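Welcome! Let us work through a few exercises together, one step at a time. Have a look at the model first, then begin with the salt bridges.

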Amino acid sequence: MTATTTTARVFQLTGSCNNYPWGKKGRDSLAAQLCAKTDKSFQIKDDDFYSEMWFGDYPDFPAKKFDTGELLKDILEKNKETLLGKKVIQNLDGQLPYLPKILSIAKALPLQIHPNKELATKLHKKDPENFTDPNHKPEIAVALSKFEVFAGWKPLSHIVPLFQLSFLRQFVPAGTTDTWTDATLREITRSLLKAEEGTVQFIAQSLLKTPKEDLGPKNDYIPDLIPRLQDQYGPKDPGTLVALLCMNFMVLQPGDAIYIPADGIHAYLSGDIVECMARSNNVLNAGFCPPADRNSYDLFAETLTFEGHTAADMLLPSNKSEKSKEGHTVVYKPPMSEFDMLKADLGAGESDEIAPSDGPGVLIVTSGQGTMLAGGKTFDLKEGSIFFVAPDTTVVWKTDKGMQIHMAVV
Ligand SMILES: [Zn+2]
């Protein structure tokens, strides 16, 4: 055996940016701006779209060690005991259990769900090229700016009046009484997705002509959003109908967050966010994308969960973190074992000390600058800095001018 050198418990990373066409352009993209702050080889081009910066150990768009360029994945594999810890090795597959990202969204992402573990395992076996892992992918999104999103289902009481409009009745399954169930909504979603392109166009036109007061409670925003969505994906995309008729439309402010469970329907519409998810890249798409990128409508409809049935159900509250000594840090705790998300907001001259976790942490400075004392060393933090922090490591953040940090922890 070769002698092992001591592994640093805390080290800086660089992320990788991707270029999906829904991303913001050039310097307007926060993902690109943050990426450029620490990756000197990354040049922002004015005409390119920059959608996401990833900074986990997933093989796509992987994080690398800042000073050596080594893949985070390789470093973790060589030092599992120290860098991942017992809990992750025993219960969470012995890999970084989460995947953090920054998203800069200019237009709607595909209308999507992330399949549960059982279905993901099946799909991965059958089609490993398109389903690149057997894991589920519940996710959270924390707003860094105004963030518009379609997420989960409206209350049935807001949907039913819409489908009493003459041009929408055709989608209601035969024999449906006034008492709708989630099974009714599943069938409606399926038929909306399968509607002929001409029908999609006709329904949208009819909605535009309908007086707002006839749309039922809390649906008056629908005609306002139709031109915008049609402008983005054309008048024939069925995503527009499913999103507007059946899903909650939410406008979040910085610090607000949502949780999307496995099989939960969502389509992010605009804004900059920190996103974090279980370590997976599996997705089923059904709209807001070219027809060739859509998965089977039947598989999509069959897989849907109806867990979230109001906008409030989708919100993920933040609370003061018990790990925070000075009380400047809140925690978002999604109902899943893979991660929590900490958010520190330090004013000028403030500091916070974060108690150790029993798994790995990955942090990004989302604004401001300061220092971090961790593992016996002091590190400079500036906007865009990304750091890996090993289990059982206390960190102290300090700033003269103010600083905001988001940190995923196990
Ligand atoms: Zn998603």
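**Exercise 1. Find how many salt bridges there are, and look at one of them.**

Step 1. The count comes to 17 salt bridges, a salt bridge being a side-chain nitrogen of Lys or Arg within 4 Å of a carboxyl oxygen of Asp or Glu.

Step 2. Before going on, note that this is a predicted model, where local features need pLDDT of at least 70, side-chain atom pairs count only at pLDDT 80 or more, and totals for chains, interfaces and linings use all residues. Residues are numbered from 1 along each chain as its sequence is written, and side-chain values use heavy atoms, with hydrogens and water left out.

Step 3. Now take one pair: glutamate 187 forms a salt bridge with arginine 190, and their closest N and O atoms are 2.9 Å apart.

Step 4. Where does this pair sit? Glutamate 187 and arginine 190 are separated by about one helical turn because they are 3 residues apart in helix H7 (residues 182-194). Helices (H or I, at least four residues) and strands (E, at least two) are DSSP runs, numbered from the N terminus.

**Exercise 2. Describe how the two domains meet.**

Step 1. The protein is divided into domain 1 (108-316) and domain 2 (319-409), with bounds from an automatic or database domain assignment.

Step 2. The contact (heavy atoms within 4.5 Å) takes 13 residues from domain 1 and 13 residues from domain 2.

Step 3. Taken over C-alpha atoms, the centres of domain 1 and domain 2 are separated by 34 Å.

Step 4. About 1000 Å² is buried between domain 1 and domain 2, and carbon and sulfur atoms give 81% of that area. Buried area is the accessible area (1.4 Å probe) that two parts lose on being put together, summed over both.

Step 5. How many salt bridges link domain 1 and domain 2? The count between them is 0.

**Exercise 3. Explore the largest pocket.**

Step 1. Start with the terms: on a 1 Å grid over the protein atoms alone, a cavity is a set of points where a 1.4 Å probe fits but cannot get out, while a pocket is an open set with protein on both sides within 12 Å along at least five of seven lines; lining residues have an atom within 4 Å of a point. Grid points are joined across faces, edges and corners, and a volume is the space filled by probe spheres set on the points.

Step 2. The largest pocket holds about 730 Å³ of space.

Step 3. Its lining has 33 residues, and Tyr20, Trp22, Pro110, Val283 and Asn285 lie nearest the centre. Strand S5 (52-54), strand S7 (98-105) and strand S13 (266-278) are the elements that give two or more residues to this lining.

Step 4. The lining of the largest pocket divides into 15 nonpolar, 7 polar and 11 charged residues. Here Ala, Val, Leu, Ile, Met, Phe, Trp, Tyr, Cys and Pro count as nonpolar, Asp, Glu, Lys and Arg as charged, and the others, Gly among them, as polar.

**Exercise 4. Look into the cavities.**

Step 1. The structure holds 4 cavities of 30 Å³ or more.

Step 2. In the largest cavity lies about 70 Å³ of space. Its lining has 8 nonpolar, 4 polar and 1 charged residues.

Step 3. The second largest cavity holds about 50 Å³ of space. Helix H2 (residues 72-78) gives the most to its lining, with 3 residues.
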